[in-house]
Amino acid sequence: MEKLLHSVYLDDEKCLGCTTCLRSCPTGAIRVRGGKAIINESKCIDCGECIRICPHHAKLAKTDPLSKKDNYSYTVALVAPAIIGQFKPKYSITQILSAIKALGFDEVVEVAYGAEVVGQALKYEYHAKRYPRPLISSACPAVVKLIQVRFPELTDNICRLKSPMAMTARLVRKRIRDEGKYKNSDVGVFFITPCAAKATMVNNPASSEYDKYDLIDGAIAIKDIYSDILSHIGNCPIQEGIHNTTPESCSWALSGGESDYLKNKNVLHVDGIQNVISVLEEIECGKLDTIEFFEGLACIGGCVGGCLTVENNYVAKMYIQDRANKMKQTSIIHMSDDYVKNVYNSGMMHIKERILPRSPEPLDQDINKAIEKMKQIEILEAKLPGLDCGSPGCRALAEDIVAGKANEIDCVFVLKDRVRDLSVLTNELLQVEHPTDKPLIKKE
C-alpha cells in the first residue's frame, strides 16, 4: 500500500477530545482515543472540514513558509482565483497581484489562466468516448479522493484533464524553459492555496497528476500571507499587464465556474462536502442518469470557502462577481480555439495514469487471518446497539476493536450499560455485608 501524505494534522496540546471533528468527518477518518483525536490516514481526504469545525483550533494544515522561495534563483507565485475575493473591490486585481509580487517573487501568474485552458478544453474532453456518464470534474482534489474512498465505482467517471493549478505550472515552466535563462531545477513555483487538499497535492510527490515539468515546489496558505499582501497594496509599484485573464476563468473560484464552459449541456454543480456526498450517492444508484457533467466542490461556495482563506465565503463570492462584471467591460479576449486544440492534442493536459479506487488499510497481510478478522467484525457489529451516537458507527468501532485500536466500552451505550450493571452489583454486595433497610451513609 502506497504511503499517503496529508496536510491535515492534529495539535495534541490544543485537542480536548470533544468529538466535534469526529461527527463532521465525511469519511469517518477520525476517532477519539485516550482523550485525543486521531486521524486514520487511509481514509482522510484532506477536505479541511475538521479544520473548519474544530472549536479549539486543534486541526491544522501543513503548508510552506514564504521564506522557502529563497532556495531558488527564480520564483513564480501561482495565484488561485479565490484570492481576488479576499480583498475589497476598491483594490483592483492588478493591485492585488502587484502586492503579491512585492513579497519577493520574480513573477506572478494567475491560475485562472490555466483554468481558461482547461475550461476551453473541457468541451473536447466531454466528447471523448472513454468516460461513462456523468463526466465528473477532477478540479477539486478532495472530491476526487472522496470518490476514491467512498465511491470507487465512479472513479472511471472522473475527468482526466489536469487541474488548473497543475496546468498553469506546466505552461509556466515550459515558457521559462523555452526562454533558456534558467534550468528547471533553479525555478521555484509556489501555489498560493485556499485549501488543505491542494496543499496536499503540491506536497505529495506520488501524485499521478504531476511529472517534473508540472512540479510545484510549495503551497503557501492565503491566510499566512494575507496581512503581508494587505500591507503592500497601494504601497508598491503597479505591474502593468500582470492581469490578463477572463471573468469566466476567475469564476472557477465559485461553484459552477467550471460548468459554465459546457454550454447547452445538462450539468449539475454542488458545493459543500456533505451535499456532494448526497449527490454522488444518487449518481452511484443511477438516479441521476440525465446528468451529463457533475462539478463537485468540497467547500461551501467553492474555493472561496476554503479553510485557508480569510474572508467570509459569501462576501468573497460577492467581491469576485463584482470584479468579473467590471472585467466584462474591458477588452480581455478568450484564448483562441487553435491554441487550446494544440495544447489539448499535445497530451500535456492529461493525467497519464488511471484514477483508481483507494484501497482501505488491509485487516491483515495474511488473507486467511483477514477473513477471520472480517468474521469477528461482523459478530461484534451484531452485538453493538446500532444506535446513532454521533461517532463513525458500530461497524467502524467493530473494525477498530478487531484491529486492537479500541475496546467495547468505547461505545457510550455499552459503557452506560456496564456502569449500570456495576452499580447494581455494588449495591447487592453492600446489602449482603450490611443487611439493613437503613441508609448505609447517615445523613446529617
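In strand E9, glycine 218 is the bridge partner of phenylalanine 190; strands here, like helices, are DSSP runs numbered from the N terminus (E, at least two residues, for strands; H or I, at least four, for helices). The model is a predicted one, with local features needing pLDDT of at least 70 and side-chain atom pairs counting only at pLDDT 80 or more, while totals for chains, interfaces and linings use all residues. Residues are numbered from 1 along each chain as its sequence is written, and side-chain values use heavy atoms, leaving out hydrogens and water.

That residue pair belongs to the parallel match of E8 (residues 187–193) with E9, which four bridges hold together. Strands count as paired if DSSP finds at least two bridges between them. The sheet around this pair is open and four-stranded, ordered E6-E5-E8-E9 with parallel pairing. E6 (107–110) and E9 (218–221) sit at the edges with a single partner strand each, so one side of each has no neighbour in the sheet. From one strand to the next, the twist averages 30°. Helix H3 (residues 93–101) packs on this sheet, touching E5 (74–79) and E6 (contact means heavy atoms within 4.5 Å). The direction of H3 makes about 135° with that of E6; axes are lines fitted to C-alpha atoms, for helices over the stretch in contact, and angles run from 0 to 180 degrees between N-to-C directions. Helix H6 (residues 164–179) lies across E5, E6 and E8, at about 150° to E5.

Now for the interior. Of the chain's 444 residues, 49% are buried, that is, under 20% relative accessible area with a 1.4 Å probe and protein chains only. The largest nonpolar core (buried Ala, Val, Leu, Ile, Met, Phe, Trp, Tyr and Cys residues joined through side-chain atoms within 4.5 Å) has 34 residues. Ile83, Phe87, Ile100 and Ile229 have the most contacts inside this core. Two or more residues each come from E5, H3, E8, helix H8 (222–232) and helix H11 (313–327), and H3 gives the most, with five. Leaving aside residues up to four places away in sequence, phenylalanine 87 touches Ile96, Tyr226, Ile229, Leu230, Ile233, Tyr319 and Arg323. A second, separate core has 26 residues, including Leu154, Ile158, Ile283 and Phe294.

Phe294 also turns up in another sheet, as the E11 bridge partner of isoleucine 136. This open sheet has three strands in the order E7-E11-E10, again with parallel pairing. Here E7 and E10 (267–271) are the edge strands, each with a single partner, so each has one side without a neighbour in the sheet. H10 packs on the sheet, touching E7, E10 and E11, and its direction makes about 150° with that of E11.

H10 has a helical partner too. Helix H5 (residues 141–150) has eight of its 10 residues buried, so the rest of the structure largely encloses it. Its buried residues pack against E7 (135–136), helix H7 (196–202), H10 (273–284) and E11 (293–297). The H5 and H10 axes come within 11 Å and cross at roughly 50°. The two helices are therefore oblique to each other, the class left once angles under 35 degrees (roughly parallel), over 145 (roughly antiparallel) and 65 to 115 (roughly perpendicular) are taken out. Val143, Leu146, Ile147 and Arg150 of H5 make the contact with Ile273, Val276, Ile277, Leu280, Glu281 and Glu284 of H10.

Definitions and conventions: Buried < 20%, exposed > 50% of the residue type's maximum accessible area, 1.4 Å probe, protein only.
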